[in-house]
Amino acid sequence: MRTSCFLTGCMAIALSSLFFASCSDDDDPIDNPIPENPQPSEPETPTEISLSSDTASGVWGKNSIIKVSGHHVTVPEGKSLTIEEGVTVLFDDNGVGASHTPIEFIVDGSLYCKGTAEKPVLFSVDETKRTADNAFAGLWGGIVATEKCPEMLIDHTIIEYTGGAVSQDSPSALKGIYTPGEDFDPHITTNNVNGRYVVTNSTLRYGVSDAIYMMGGQGIIQHNTFAGNGETGGEAINVKAGCKVDAAFNLMFAPNTNGFKLSSSGQNDEAGRKQAR
């Protein structure tokens, strides 16, 4: 009986303490108001821009939609273009002029694509054209970093549906990089033996030619995914003379020929195009 009374008394004290604690000033609803009917923040509305100029520099702000139609795009020498997270760049597959030359993205200056895992940068075509039948249709020309380009960063970026046929009026042909009637634009081209190029955390997929074709420069190519690179030939990473590359931790799925190709074709020590390594 004594034990039962003791437990009953303890329970009464505990309940009393709990009651007073719940009414303390720390939990006063006046001091800690709860907002009524909290509303979620409105999602950001993407800014849609039709690029009227054939040159581009400065910053393309995050979540923008950039539409390129009727002309090629060039980042001028001495200038830079920064593309922020969530930006979508859409290329018109009708190309340029009466010959419908596939649009090329030429980089004479510097290019910095700064996507994130949640909001990657996207280089593509209209959503209705992103089909399996168009995987090797070469709907636009790819990113071409010329011998004037000092550096380029491609981080958390998706590049797809490239491989446009190089014609006589293609900028890459006029600059002597590719041969009209024979070549198809890779996803990314580099051509400066003194250039610095980083491609990381990105996806390069669906292209007629190579994903990365390096003819010059020092490169870091890591933590990328390559898929469906090359229709009748081509590599995920193709490195030529004049290059020094650190390539690691890349996932390569269905390259037409090689995942990684190291070749010293075009070697010219006097011109700085030394053995690839």
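# How the terms are earned

Analyst: Let's begin with Asp108, which counts as buried at 8% relative accessibility. The model is predicted: local features need pLDDT of at least 70, side-chain atom pairs count only at pLDDT 80 or more, and totals for chains, interfaces and linings use all residues. Residues are numbered from 1 along each chain as its sequence is written, and side-chain values use heavy atoms, leaving out hydrogens and water.

User: What makes Asp108 buried?

Analyst: The word has a cut-off: buried means under 20% relative accessible area, exposed means over 50%, and partly exposed is in between (1.4 Å probe, protein chains only). Asp108 has 8%, which is under 20%, so the word buried fits.

User: How do you know that Asp108 and Lys175 form a salt bridge?

Analyst: A salt bridge needs a side-chain nitrogen of Lys or Arg within 4 Å of a carboxyl oxygen of Asp or Glu. For Lys175 and Asp108 the N to O distance is 3.4 Å, so the pair passes that test. It links distant parts of the chain, 67 residues apart: Lys175 is in the loop between α2 (171–174) and β13 (188–190), and Asp108 in the loop between β7 and β8 (110–114). Those labels come from DSSP runs numbered from the N terminus, with helices (H or I) of at least four residues and strands (E) of at least two. Lys175 has 39% relative accessibility, so this residue counts as partly exposed.

User: How many salt bridges does the structure hold?

Analyst: There are 6. One of them joins Asp93 and Lys129, whose closest N and O atoms are 2.8 Å apart. Asp93 sits in the loop between β6 (88–91) and β7 (105–107), while Lys129 sits in the loop between β9 (121–124) and β10 (143–145), so the salt bridge ties together parts 36 residues apart in sequence.

User: Why are Asp93 and Lys129 both called partly exposed?

Analyst: Asp93 has a relative accessible area of 29% and Lys129 has 28%. Each value falls in between the two cut-offs, so partly exposed is the right label.

User: What makes Glu151 and Arg196 a salt bridge?

Analyst: Their closest N and O atoms are 3.0 Å apart, which is within the limit, so the pair counts. Glu151 is in strand β11 (residues 151–155) and Arg196 in strand β14 (residues 196–200), 45 residues apart. Glu151 has 24% relative accessibility and Arg196 has 46%, so each counts as partly exposed.

User: How many disulfides are there, and what is the rule?

Analyst: A disulfide is a pair of cysteine sulfur atoms within 2.5 Å, and by this rule the count comes to 0. Two cysteines to look at are Cys113 and Cys149: the relative accessible area of Cys113 is 0%, and that of Cys149 is 0%, so both count as buried.

User: Why is the pair of Phe105 and Phe123 called edge-to-face?

Analyst: Rings of Phe, Tyr and Trp (its six-membered ring) pair if their centres lie within 6.5 Å; planes under 30 degrees apart count as stacked, over 60 as edge-to-face, and the rest as tilted. Phe105 and Phe123 have centres 5.7 Å apart and planes at 80°, so edge-to-face is the name. Phe105 is in strand β7 and Phe123 in strand β9, 18 residues apart. Both residues are buried.

User: And what makes Tyr161 and Tyr206 tilted?

Analyst: Their ring centres are 5.3 Å apart, with 45° between the planes. That angle is neither under 30 nor over 60 degrees, so the pair is tilted. Tyr161, in strand β12 (residues 157–162), counts as buried at 4%, whereas Tyr206, in strand β15 (residues 203–207), is partly exposed at 29%. In total there are 8 aromatic pairs, and Trp60, Phe91, Phe105, Phe123 and Trp140 form one aromatic cluster.

User: How do you know that β16 and β19 pair?

Analyst: Two strands pair if DSSP finds at least two bridges between them. β16 (residues 212–214) and β19 (residues 235–239) have 3 bridges in the parallel sense, so they qualify. The bridge partner of Tyr213 in β19 is Asn238. Both strands belong to an open sheet of 7 strands with the order β4-β7-β10-β13-β16-β19-β22.

User: Why do β4 and β22 stand at the edges?

Analyst: Each has a single partner strand, so one side of β4 (73–75) and one side of β22 (258–262) are left without a neighbour in the sheet.
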